[in-house]
Amino acid sequence: MKTKRIRAITIPLLTVLLLVAGCAAMPESTADESSGLTFIHVNDTYRVGAVEDGTKGGFGRVVTIVRQLQGQGRDVRILHGGDFLYPSLESQLWNGMQMIDAMNYLDDLAPMYVTTGNHEFDPRTPEHLIDAVRASRFDWLGDNYAFNTGGADVDASLHKAFTINHGGKTIGVFALTAHAAYGGNDRDYVPIEKDFVGAARRSIEALESRGVDAIIGITHLHMWQDVEIAGLKKDHPTFIFIVGGHDHEPHYSEGNDSNATVMKGASNARTIWQIDMTFDAAGMPQIDPHMLEMGVGVPSDPDYELLNKKWRARLLEKFPFLTARVGTAGESIDVTEEEVRSHENGWGNFIVDQMRTAFGDPAAELAFINSGTLRIDDFIAGDITFEDIARTFGFSSFLRYMTISGAEFRKVMEAGYRGDGSAEGYFPQISGFRVCIDRSRPEGDRIVSLQLPGETGWSEIDGETGYTLVVPDFLYGGGDGYELPKDRPASRPGSELKYLVLDAIVRAQAVGRAVGRNPDPAHPRYVELGPGRDACWRR
Ligand SMILES: [Zn+2]
């Protein structure tokens, strides 16, 4: 069955607004609509406010949509596909409590049901989760995992085979999160079942035995996993849709008689899904899904904005220098996650270039980071503020200096080019070398050319020679599938990447130099062979 990545479908918001206006003029026309059920789905929300200078996403716009639907008499329920407590600049201060406050606001407006994402379990110990669950008013759902936090009230609050009622109908909801084998976190305080299809089937059967009228899933998995689960509809005809998270761009897999529909929105509520549910004459559930683009055409709700302003003021109280200008961007650089996780990126290049000199002279020959380190999900343009730096690094990233043979390095880098080329946090941003890959070749053997500059031009890395390399401690420890040899002399974790980058920007500013440029198409660091490109390097 086909799945689609959706880039831009314009929301008929104007139509919605006209309808509202029309209804006000003709009250008799609303009677039939007044008992309708609508799900609003969001996923991967890391900010209380909007993104891209306030022009996109944010819960304030979601609130506006919910109020409009409620104004039409619809019964709105909000679904959240996970990833909200971490990572963000604010989470480094409040462990996600700012998001709990924002999500409670949504829940007060319309009941909200939430599955957890991998990032809810970023910390190694459960204190943050205990606090978050206790402070929350929305429902936490989990069918393939348990909370084992030591807080009995918290552990007991996670619902399995959850049901909601609307107009005499019962809708069953199951919720899944990613196991460590599929990008989840591996923590004692949240045991996760690996067999996602088995867990979904078990919950669907439990819900059926209770006689529910429709079944929906909320997941935080890869799209291919959701599509696999969607196939359970063959044997379970009331299983109607899955809404998911983990991906940061919208996805849609159309449903039919044997597959449930799968939908995912974009991160930070830049796009959300509105799913109207009805029941046909035979009592079978039907849906009418719309993907809504949350841009400047949707105003942020003024009452919600008070909450946003409160957290903004608290942030500025902690970091009064946040809005201070530290430098100037050489060009407007798109650092949204979709972009940085699948392409060579100008902001990524600038950052990785700083890593090679992090341990003094001589500079290391090679450096790379997983693009998942770069969390800003926004544009770098014009004035660079301290906030741009702080938001770029959602985690502290300490660096390691080590030596590695050319053959080993080539093998390590293969991990960065697995998959089908869709945006992935393991995709590397690199410095000191250039690489050319061919995705038509098997995983683990896709690097066609990996070259270093020399006095006589570029040449292939030498398998026998030892090279100096700087990587974040996360990658040194085997993060994101990069398996670096551990039996080599390596430095202790030193130099924090955020301050290294800040220092470089301030120094450039002092001599009137802008930093960061988009990749030069004539001199790429990363080339992918395929249609339109059959040679790695052009003369
Ligand atoms: Zn995730």
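Trainee: How do you know that β21 and strand β26 pair, and in which sense, parallel or antiparallel?

Mentor: Good place to start! Keep in mind that this is a predicted model. Two strands pair if DSSP finds at least two bridges between them. β21 and β26 (residues 526–529) have four bridges, in the parallel sense, so they count as a pair. Within this pairing, Val 435 stands opposite Tyr 526.

Trainee: What makes β21 and strand β22 a pair?

Mentor: Use the cut-off of at least two bridges again. β21 and β22 (residues 447–454) share four bridges, in the antiparallel sense. Here Val 435 stands opposite Leu 450.

Trainee: Why is Asp 83 called buried?

Mentor: Buried means under 20% relative accessible area. Asp 83 has 1%, so the word fits. Asn 118, with 8%, is therefore buried by that cut-off too.

Trainee: Which residues are the protein donors of the zinc ion?

Mentor: They are Asp 83 (OD), Asn 118 (OD1), His 220 (NE2) and His 246 (ND1), lying 2.1 to 2.3 Å from the ion. To count as donors, such atoms must be within 2.8 Å of the metal, and these distances meet that limit.

Trainee: Why is the arrangement of the four donor atoms around the zinc ion called irregular?

Mentor: Tetrahedral would need all angles between 85 and 135 degrees. The angles around this zinc ion run from 85 to 157°, so the tetrahedral label fails and the arrangement is irregular.

Definitions and conventions
Residues numbered from 1 in each chain as written. Predicted model: local features only at pLDDT ≥ 70, side-chain atom pairs only at ≥ 80, totals over all residues. Heavy atoms only, no water. Helix = DSSP H or I, 4+ residues; strand = E, 2+ residues; numbered from the N terminus. Donors = N, O, S within 2.8 Å, 3.2 Å for Na, K, Ca; no water. Tetrahedral: all angles 85-135°; square planar, octahedral: opposite > 155°, others 65-115°. Buried < 20%, exposed > 50% of the residue type's maximum accessible area, 1.4 Å probe, protein only.
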